[in-house]
Amino acid sequence: MSTPVIKVDYPGLMTTVQDLGRYGFQSLGVPASGALDLFQSRLANILVGNFETDAVLEITILGPKLVFLESVVIALTGADLTANLDGEYIPRWEPIKVEKGSELSFGECRNGARAYLSVSGNGFDVPLVMGSRSTYLQGNFGGYDGRSLQKEDVLNSVSDTHKPETKMMPSGFVQPDYSEIKKIRIVPGAQNQKFTPSEFQNLTSSTYKISNDSDRIGYKLEGPYIQPIDSVDIISEGNPAGAIQVSGDGVITILLSDRGTTGGYSKIASVINSDLNLLAQLMPGDSISFVLVSVDEARNALMIQEKLIHAVLNGTDFNENQNKNRITIDGVSLEVVDESGEIFSYSSFNDEVKAKSQVSAEVNVGEQVFNLDAEIDNN
Amino acid sequence: MRKMSEPQYVLSSDDSILVKFGEEIDSKINSKVLSLSSYLTNHQIPEIKDFTVGYSTVLIFYDSLKISHHLFLQKIKEIVTKRLKKNKISDQKIVEIPVLYSKEFGLDLDSVANQTGLALEEIIDLHTSKEYIVYTMGFSPGFPYLGGLDSKLDVPRLKKPRIKVEKGSVGITGNQTGIYPIESPGGWNIIGRTPLELFNSTSDSPTLLKPGDKVKFFEITTLDEFDQINHLEGKNFKK
């Protein structure tokens with residue numbers, strides 16, 4: 001049953017209700033919206049026993065002051081915005097029991113830019129708008145009355161908040177230090193052919209600063225201008241999240257969750273999905289550079305993030321390097337499993353094999369047997 | 001007859017593929033776009049998360065954890081080359097849209113008249129005489145890009161876009177016309193306003209129009225008529 005859980009005493013800089021986004025309506029011009037750091041939004045929910053798709057609060061740079069109207073379990077993930085519960089600093093990435101009447105406040109932004117707050121009871125109960133609870137600020141719909149939170153707002157939880165099936169982060173999980181994010185990985189964009197190879201290299205060899213003109217629609221970057229061979233104008237086509245758009249003046253903008261569904265500027269490249277979660281933790285003034293990767297590498301990066309999610313859900317250990325073993329056939333990455341169906345990893349080798357750099361491998365795909373020379377990646 | 005070029009499949013991001021049927025604003029090219037878009041609307045393909053429709057393109061988003069780029073590309077190619085032969089566009093409807101072409105609402109009527117050398121009545125006649133197709137939607141929720149505007153009405157975008165264009169405003173630029181469903185910034189020449197609701201976030205079908213629909217404008221002449229229709233619209237959405 002829907003229960004009032006939080007009253008806003010002070011709204012902070014910008015706090016919005018978000019879930020994983022609004023899908024199925026982009027062909028009608030309705031933007032996807034959703035948490036900018038989808039990964040941390042999912043983790044926050046899982047830790048308090050919610051569905052990954054439940055609604056959380058996205059707290060930007062300067063946090064709100066919230067009063068709890070009911071005993072709940074909360075989790076905070078993402079940025080370190082100096083969260084205090086009744087005056088005491090509380091850790092991130094763990095479920096925390098909060099008594100009715102307690103106050104959660106935030107201080108200095110120490111690391112990252114966006115924190116995610118989940119509450120037990122399947123998250124925040126705002127109306128589903130086109131299948132999603134995400135706030136779309138420009139359209140004034142979704143989330144809490146289509147806007148960011150204000151003083152005196154009361155947020156309900158969807159269901160009963162007591163006795164949730166909480167989870168813990170696995171051993172092997174290291175809290176991210178967002179100040180270390182310097183490189184953002186990209187794949188070529190739909191109009192990369194509109195730029196010379198040397199201009200593309202200009203993009204990947206330069207450093208760009210995130211400008212003050214940055215929000216949930218996109219980050220405008222300061223740095224070397226990018227010039228097309230002829231014109232950047234195209235007839236309107238769809239914009240993916242992460243698209244690096246070049247406007248007529250040569251300025252580049254990375255398009256994010258609240259971007260317009262279509263646009264008329266060329267897209268030279270696109271930030272890969274795993275790194276969009278990192279980008280969400282940067283703020284105006286931070287510097288980045290771009291690294292070109294293949295679409296398979298992009299998928300692999302996403303799978304590593306997924307491994308952590310699986311480890312939290314299943315209560316197993318997390319080892320980032322498990323994913324390093326893969327077989328690629330004609331550009332397709334295959335997961336390697338042994339006969340019992342367990343994922344086969346480097347640690348499955350005995351020491352004698354580990355000492356070698358190359359081994360012979362036999363791969364059975366259906367009825368066919370392939371004999372391969374396999375390189376061992378000792379990293 | 002000139003053979004149309006084969007569609008191109010372009011990597012657009014690590015979870016989307018752009019299917020490109022051409023590079024121009026052209027009704028034949030757009031009909032292929034609409035045929036793919038109605039196929040995607042009518043078939044639930046588990047790996048597909050969403051898609052957007054452009055003038056000559058469809059951008060398809062997929063779940064890159066479920067399927068690799070390589071396999072998804074094969075799947076889309078198969079759909080485009082084998083399943084779209086009939087070029088069928090489903091549920092295409094004709095929507096008649098009332099417009100009050102007054103100087104109060106049509107902020108750029110005088111400027112359009114000056115640029116084109118047409119009288120006010122001629123502008124209205126030309127705008128209401130044609131049947132338009134919704135080529136694509138975007139810019140803001142429910143904004144239709146209507147192709148096929150009479151070339152006599154071809155005017156460039158405003159040099160300085162307006163920060164605020166009223167909801168319902170009807171604009172023209174190039175050989176296109178469109179309607180602003182919600183209050184937003186905008187750079188098109190505004191020639192009138194419709195009392196119809198083009199977007200309602202709380203409805204199951206949130207937009208009045210969808211890509212492929214046909215639109216015909218008709219003139220209403222008094223503010224009373226405008227308010228009456230507007231009032232009825234409000235009631236419809238309160239249901």
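Me: Let's start with B:Glu121: which helix of chain B is it found in?

Reply: Happy to help! In this predicted model, B:Glu121 belongs to helix H4 of chain B. That helix spans residues 120-129 and gives the negative patch its largest share, three residues.

Me: Which residues form that negative surface patch?

Reply: The patch is made up of B:Glu121, B:Glu122, B:Asp125 and B:Glu219.

Me: Is B:Glu121 buried or exposed?

Reply: A residue counts as exposed when its relative accessible area is over 50%. B:Glu121 has 55%, so it is exposed.

Me: Now to charges that do pair up. How many salt bridges does the structure hold over all chains?

Reply: There are 28 over all chains. One of them brings together the side chains of A:Arg42 and A:Glu52, at 2.7 Å from N to O. This pair links distant parts of the chain, with A:Arg42 in helix H1 (residues 38-47) of chain A and A:Glu52 in the loop between H1 and strand S3 (56-60), ten residues apart.

Me: And how accessible are A:Arg42 and A:Glu52?

Reply: A:Arg42 is buried, at 16% relative accessible area, while A:Glu52 is partly exposed at 22%. For another case, look at chain B: B:Lys164 and B:Glu166 form a salt bridge at 3.8 Å, N to O. Here B:Lys164 is partly exposed at 49%, and B:Glu166 is partly exposed at 34%.

Me: Which residues are linked in a network of salt bridges?

Reply: That network takes in A:Lys7, A:Asp9, A:Lys65, A:Glu103, A:Lys151 and A:Glu152.

Me: Let's move on to sheets. How do strands of a sheet pair?

Reply: They pair through backbone hydrogen bonds, in either a parallel or an antiparallel sense. Strand S12 (residues 183-188) of chain A offers a nice example: four bridges join it to strand S19 (residues 287-292) of chain A, and these two run parallel. Within that pairing, A:Ile184 has A:Phe290 as its bridge partner. S12(A) is also joined by three bridges to strand S18 (residues 262-271) of chain A, this time antiparallel. There, A:Ile186 is partnered by A:Val271.

Me: What is the strand order in the open sheet of six strands in chain A?

Reply: Follow S7-S6-S9-S4-S1-S11, with antiparallel pairing. Strands S7 (88-89) and S11 (154-157) stand at the edges with a single partner strand each, so one side of each has no neighbour in the sheet.

Me: Which residue stands opposite A:Asn84 in S7(A)?

Reply: You'll find A:Tyr89 there. Strand S6 (residues 83-85) of chain A pairs with S7(A) over two bridges, in the antiparallel sense.

How values were computed: Residues numbered from 1 in each chain as written. Chains lettered and ligands numbered in written order. Predicted model: local features only at pLDDT ≥ 70, side-chain atom pairs only at ≥ 80, totals over all residues. Heavy atoms only, no water. Patch = residues over 30% accessible without salt bridge, like charges linked within 9 Å, V, L, I, M, F, W, Y side chains within 5 Å. Areas by Shrake-Rupley, 256 points an atom, 1.4 Å probe, with all protein chains shown as cover. Salt bridge = Lys/Arg side-chain N within 4 Å of Asp/Glu carboxyl O. Lys, Arg positive; Asp, Glu negative; His and termini not counted. Charge placed at Lys NZ, Arg CZ, Asp CG, Glu CD. Buried < 20%, exposed > 50% of the residue type's maximum accessible area, 1.4 Å probe, protein only. Pairing = 2+ DSSP bridges.
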